[in-house]
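Please open the model in a viewer and keep the selection panel at hand. The stops below follow one another, and each begins with what to select.

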Amino acid sequence: MDSHDTENPCGTRRGLLKCMAWAGTGIVWSVVGGVPRGLGLGGTALAAPVDGFSFVQISDTHIGFKAEANPDPKATLQQALDRIAGLPHKPAMMIHTGDVSHLSKAEEFDTAAQILKGAKLDTHFIPGEHDVIGDDGKQFFGRFGGKGAAPGGWYSFDEGGVHFVALVNVLGFTPGTGGTLGKEQIEWLERDLKGKSASTPIVVLGHVPLWPIYPQWGWATDDAAQAMAYLKRFGSVTVLNGHIHQVVQKVEGKVSFQTARSTAFPIFAAGQGPGPGPMKVPADHLKAVLGIRDIAYAPATGLVIADSTLAS
Amino acid sequence: MQYAIARRARMLAAAGVLLAFAAVASAQQTPAIPPNQVVIDNFAFAPATLTVAPGTQVVWINHDDEPHTVTSVDGGRTFKSPALGTDDKFTFTFAKPGTYKYFCSIHRYMAGTIEVK
């Protein structure tokens, strides 16, 4: 019985209790391509993985936003960080998937940096389109640029056996649908992945969704298919996006796409509002539509993702 | 009161009832949309194509809560606004005849054209 517990904790009576303890706090298990994954229902944090590590994703902090949908995104960002500090396990790092600022203003970046510093976590950033207005990201990359980043701002790094690829898809100098990566970045990606074994778990970071969720509102990346072609051979690819301020998930073969909630304000569901702009909700409901994402990785389980709201 | 009028005007413009808007606006003795103005409302430039005479100063005004830019399709070499917040304006004078296409560099699917002839 005990040996079964370690192999498949949900397959035995005792293990099932463990699973239920977890499920009871809001995680639903699903098995995708042989990789077990937990999808948070907004209620919980993950347990610390055995032989692995965990990290958190925040997105779309929009410091500087002050319209009705959230007059104080500084406070909600702080609440998100408090939530992260309260996790039962300390994350190895934090990922910010863009739109740190609302209008790319120096004082917005300053304020964001000041608040984020309080998390005391090694943080990896990619820009959103709100971070590169007017100067093509010069200020953003100067403050939040990744170590060893290419001139275009993209970079990669390794953590606990997982290879992370941080892409920039918000520097579009011509009209288009949504995000764009560009030839140079796609060629870099091919080179970056070349020597990697197919069993290396890959996590891809990009601000604008890397699959077409709703192109009418720009929720797509024009040339993402080319980038995805280089990722196909890997056994586990997880794409973490922001931009749309809500959780949308899709699995395509061994690739799982996940957009995250914002810490600032919600946006209408695809096609369900006048446009992809801020959605006003009653003030006492705001925390229920903002959130963070907790991601645990262990070789035995792969990546397990839990989204939770600031209200839970 | 001014706020209410602005709101009403925005709703009508969003509905694309531009003629009705002009009529209502003049009935309320507020100025109609000038012929050299492009309004940004609900993630769209209106009118999408504006025709003006050479030497005209065109004014864009953003009525969205979301910021937008006005950027010529040559990567902003001909004209390029900073981020326009709510009710911010950007102006550019078109000296020479031609077709000038532009877009919002934040929302790249938002496109417009200025015809100068």
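Select chain B: of its contacts with a separation of 6 or more, 47% are between residues 24 or more positions apart. Two residues are in contact here if their C-beta atoms, placed from the backbone, lie within 7 Å. The model is a predicted one, in which local features need pLDDT of at least 70, side-chain atom pairs count only at pLDDT 80 or more, and totals for chains, interfaces and linings use all residues. Residues are numbered from 1 along each chain as its sequence is written, while chains are lettered from A and ligands numbered from 1 in the order in which they are written.

**Chain B as a whole**

Colour chain B by secondary structure. It has 2 helices and 8 strands, and from the N terminus the elements follow the order α-α-β-β-β-β-β-β-β-β. Helices (H or I, at least four residues) and strands (E, at least two) are DSSP runs, numbered from the N terminus. Of the 117 residues in chain B, 32% are buried. A residue is buried if 20 or more other C-beta atoms lie within 10 Å of its own, exposed if 12 or fewer, and partly exposed in between, with C-beta atoms placed from the backbone.

**The sheet that contains β1 of chain B**

Select β2, β1, β4 and β6 of chain B. In that order, these 4 strands form an open sheet with mixed pairing; two strands pair if DSSP finds at least two bridges between them. At the edges are β2 (45-46) and β6 (89-94) of chain B, each paired on one side only.

Now narrow the selection to β1 (residues 37-40) and β4 (residues 56-62) of chain B, which run parallel and are joined by 4 bridges. Within this pair, B:Val39 is opposite B:Ile61, and B:Ile40 is opposite B:Asn62. Towards the other neighbour, β1(B) pairs with β2(B) in the antiparallel sense over 2 bridges. There B:Ile40 faces B:Phe45 of β2(B). The hairpin of β1(B) and β2(B) has 4 residues between its strands, and B:Asn42 in this hairpin has a positive phi near 50°.

Which peptide bond is cis, with omega near 0°? Select B:Ala46 and B:Pro47: the bond from the former to the latter is the cis one. B:Pro47 belongs to the loop between β2 and β3 of chain B.

**The sheet that contains β7 of chain B**

Select β3, β8, β7 and β5 of chain B, which in that order make an open sheet of 4 strands with mixed pairing. β3 (49-52) and β5 of chain B each have a single partner strand, so one side of each is left without a neighbour in the sheet. Between β7 (residues 98-103) and β8 (residues 111-116) of chain B, which run antiparallel, there are 6 bridges. To see one opposed pair, show B:Lys101 and B:Thr113 of β8(B).

Next, show B:Pro82 in the loop between β5 (71-72) and β6 of chain B. Is B:Pro82 buried or partly exposed? It is partly exposed, because 15 other C-beta atoms lie within 10 Å. Its C-alpha atom is 6.2 Å from that of B:Thr69, although the two are 13 residues apart along the chain.

**Where the chains meet**

Select the contact of the two chains: 19 residues come from chain A and 19 residues from chain B. The side of chain A that touches chain B has 8 nonpolar, 10 polar and 1 charged residues. In this classification Ala, Val, Leu, Ile, Met, Phe, Trp, Tyr, Cys and Pro count as nonpolar, Asp, Glu, Lys and Arg as charged, and the others, Gly among them, as polar.

**Two loops of chain A**

Show A:Asp136, which is not a glycine yet has a positive phi near 55°. It sits in the loop between β5 (123-125) and α5 (138-144) of chain A and counts as partly exposed, because it has 19 C-beta neighbours inside 10 Å.

Then show A:His243, another residue other than glycine with a positive phi, of about 75°. A:His243 lies in the loop between β9 (237-241) and β10 (249-252) of chain A. It is buried, because 30 other C-beta atoms are within 10 Å.
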